[in-house]
Amino acid sequence: MYENLAIVGATGAVGRLIRQLLEERKFPYKTIKFLASKRSAGTEITFNGTTHTVEELTPESFEGVDIAIGSTPDEAAAEFAPWAVKAGCVVIDESGYWRMKEDVPLVVPEVNPEAVHNHKGIISSPNCSTTQMVVAMKPLHEAGKIKRVVVSTYQATSGAGVVGEEDLINGAKAVLNGDTYQNKAFAHQIAFNLIPQIGSEKYEGYTSEEMKMVYETQKIFGDDSIKVCPTCVRVPVTNCHSETIMVETERPISPAEARELFEKAEGITVVDNLGAGEYPMPKDCSNKNDVFIGRIRKDLSCENGLTFWCVSDNLRKGAATNAVQIAELLVRTQAAV
Ligand SMILES: NC(=O)C1=CN([C@@H]2O[C@H](COP(=O)(O)OP(=O)(O)OC[C@H]3O[C@@H](n4cnc5c(N)ncnc54)[C@H](OP(=O)(O)O)[C@@H]3O)[C@@H](O)[C@H]2O)C=CC1
Ligand SMILES: N[C@@H](CC(=O)OP(=O)(O)O)C(=O)O
């Protein structure tokens with residue numbers, strides 16, 4: 001039975017939303033505890049009308065816990081997940097640390113729900129830019145087999161956590177007032193600027209964020225032959241990642257067919273009327289769980305190419321919503337046994 005929960009990293013940007021989503025979606029539970037680092041231990045959180053004290057994460061935190069949803073930095077996830085598994089708990093982890101490990105399913109419920117059953121205690125939720133892209137790719141891949149993807153991202157500052165959000169707001173105020181501002185999350189000023197680097201230098205001139213989009217996409221589809229060419233850019237938008245996605249398929253898919261496939265797909269909302277100025281924009285997609293798609297058109301440079309615009313709330317579908325959906329999948333599957 002999955003009825004005793006722990007939320008690890010409960011005070012962070014993603015953790016806050018996980019709490020909100022569990023309330024919104026009336027997630028069933030008997031007990032719940034909220035864990036964070038020593039810094040936040042002792043602070044109070046109200047959840048479903050009850051006040052809880054945040055506890056410091058320790059090896060003993062998982063006694064009697066059935067599911068832990070973790071949204072901590074990689075180093076903390078590397079440490080706590082084995083403690084939880086040892087205590088008999090299933091971990092759903094948001095961090096990058098476990099995603100590419102063997103025996104750790106990387107799950108997006110709209111794309112590869114069956115993978116959830118292959119876990120040995122740890123299930124990973126993908127990188128936020130990858131998640132929205134694979135949700136969009138899924139119906140096209142099923143219909144026409146995607147061979148190649150060229151993607152450019154426009155990533156919001158909330159992707160870098162609470163301090164990323166602060167760097168945009170406080171940095172913008174400082175620029176407007178002619179003051180100096182010391183960034184906490186970014187290497188360069190983000191207000192009134194674009195930064196074409198997310199993560200560290202990783203492989204052949206690609207960053208770690210970009211290589212996550214390559215490797216995680218292949219793992220989720222179970223197909224290493226899908227080629228992905230990503231460019232990840234940080235933009236001065238507080239929330240929601242946007243992407244231009246160009247796919248090349250084995251058989252041609254017309255824009256009309258793609259629209260129909262997107263409209264039928266789970267977790268996708270189409271907003272696509274260029275003449276009327278209607279397309280997804282971060283300000284409209286924030287606080288929503290779906291992946292939004294617009295500007296669907298033929299790629300004029302490629303025989304079987306299709307291109308479109310895709311926006312999704314990186315903290316929701318890119319992180320918290322996806323993790324809570326995985327937990328719901330576990331609960332549903334258990335109920336069905
Ligand atoms: N933001 C996004 O769009 C996405 C984020 N993710 C991943 O989710 C994870 C969390 O990201 P985000 O919420 O943005 O980050 P935040 O920095 O906003 O939050 C981090 C959380 O982890 C806790 N924490 C940090 N160090 C430790 C530790 N040593 N032991 C216990 N708890 C610790 C913090 O607690 P305290 O308050 O005590 O510091 C806080 O609750 C990261 O791995 C990130 O890569 C994944 C997809 C998208
Ligand atoms: N790096 C992403 C968010 C994130 O945390 O990704 P990951 O969980 O793969 O480190 C961003 O900054 O937008």
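I began with the rule for overall size: the radius of gyration is taken over C-alpha atoms, and the globule rule is 2.2 Å times the number of residues to the power 0.38. For the 337 residues here, that rule puts a compact globule near 20 Å, and the protein has 20 Å, which agrees. I note at the outset that this is a predicted model, and I read every entry below with that in mind.

**Entry 1: the whole chain**

I looked up the extent of the C-alpha trace and found that it spans about 60 × 60 × 40 Å along its principal axes. The protein has 8 helices and 16 strands, and buried residues make up 46% of the 337 residues. Of the contacts between residues at least 6 apart in sequence, 66% join residues at least 24 apart.

**Entry 2: domains**

I then turned to the domain assignment, which gives domain 1 as 4-126 + 319-336 and domain 2 as 130-314. Taken over C-alpha atoms, the centres of domain 1 and domain 2 are separated by 25 Å. Where the two meet, 14 residues of domain 1 are in contact with 18 residues of domain 2. On the domain 1 side of this contact, H8 gives the most, with 3 residues, and the residues of that side divide into 7 nonpolar, 5 polar and 2 charged.

I also checked the UniProt record, an unreviewed entry, which lists residues 4-119 as "domain: Semialdehyde dehydrogenase NAD-binding". Over residues 4-119 I found 22% helix and 25% strand, with the end C-alpha atoms 19 Å apart.

**Entry 3: the annotated active site**

Which residues does UniProt place under "active site"? The unreviewed entry names Cys-128 and His-241; although these are spread over 114 residues of sequence, they cluster in space, with a largest C-alpha distance of 8.1 Å.

I took Cys-128 to begin with, which lies in helix H3, residues 128-144. Cys-128 is buried, because 28 other C-beta atoms lie within 10 Å and the cut-off for buried is 20 or more. Not counting residues up to four places away in sequence, Cys-128 touches Gly-159, His-241, Asn-314, Gly-318 and Ala-319.

His-241 lies in strand S13, residues 241-249, and is likewise buried, with 29 other C-beta atoms within 10 Å. Leaving aside neighbours within four places in sequence, I found His-241 in contact with residues including Cys-128, Ser-129, Gln-132, Gln-155, Ser-312 and Asn-314.

**Entry 4: the annotated binding site**

The same kind of look-up for "binding site" (unreviewed entry) in UniProt gave Gln-155 and Arg-234. They span 80 residues in sequence, yet no two of their C-alpha atoms are more than 4.7 Å apart, so they gather at one spot.

Gln-155 lies in strand S9, residues 146-155, and counts as buried with 24 C-beta neighbours inside 10 Å. Beyond four places in sequence, Gln-155 touches Ser-129, Ile-198, Cys-232, Val-233, Arg-234, Val-235 and His-241, and I marked His-241 here as one of the residues listed under "active site".

Arg-234 has its place in strand S12, residues 227-234, and counts as buried with 28 C-beta neighbours inside 10 Å. Among the contacts of Arg-234, neighbours within four places left aside, are Gln-155, Thr-157, Phe-186, Ile-190 and Ile-198.

**Entry 5: Ile-190**

I followed that last list to Ile-190, which lies in the loop between helix H4 (161-177) and strand S10 (201-203). Is Ile-190 buried or exposed? With 22 C-beta neighbours inside 10 Å, Ile-190 counts as buried. Residues touched by Ile-190 include Thr-157, Asp-167, Leu-168, Arg-234 and Pro-236.

**Entry 6: the two ligands**

For ligand 1, I counted a shell of 30 residues, the closest being Gly-9, Gly-12, Ser-37, Ser-95 and Gly-161. The elements that give two or more residues to this shell are H1 (13-24), H2 (74-86), H4 and H8 (316-336), with the largest share, 3 residues, coming from H1. By class, the shell around ligand 1 holds 11 nonpolar, 16 polar and 3 charged residues. Domain 1 and domain 2 both give residues to it, so ligand 1 lies between them.

Around ligand 2 I found, among others, Ser-95, Asn-127, Cys-128, Gln-155, Glu-209, Lys-212 and Asn-314. The shell around ligand 2 has 3 nonpolar, 6 polar and 2 charged residues.

Methods: Residues are numbered from 1 along each chain as its sequence is written. Chains are lettered from A and ligands numbered from 1 in the order in which they are written. This is a predicted model: local features need pLDDT of at least 70, side-chain atom pairs count only at pLDDT 80 or more; totals for chains, interfaces and linings use all residues. UniProt positions are given in the numbering used here, feature names are shortened, and annotations may be inferred rather than shown by experiment. Helices (H or I, at least four residues) and strands (E, at least two) are DSSP runs, numbered from the N terminus. A residue is buried if 20 or more other C-beta atoms lie within 10 Å of its own, exposed if 12 or fewer, and partly exposed in between; C-beta atoms are placed from the backbone. Two residues are in contact if their C-beta atoms, placed from the backbone, lie within 7 Å. A residue is near a molecule or strand if its C-beta atom, placed from the backbone, lies within 6 Å of it. Ala, Val, Leu, Ile, Met, Phe, Trp, Tyr, Cys and Pro count as nonpolar, Asp, Glu, Lys and Arg as charged, and the others, Gly among them, as polar. Domain bounds come from an automatic or database domain assignment.
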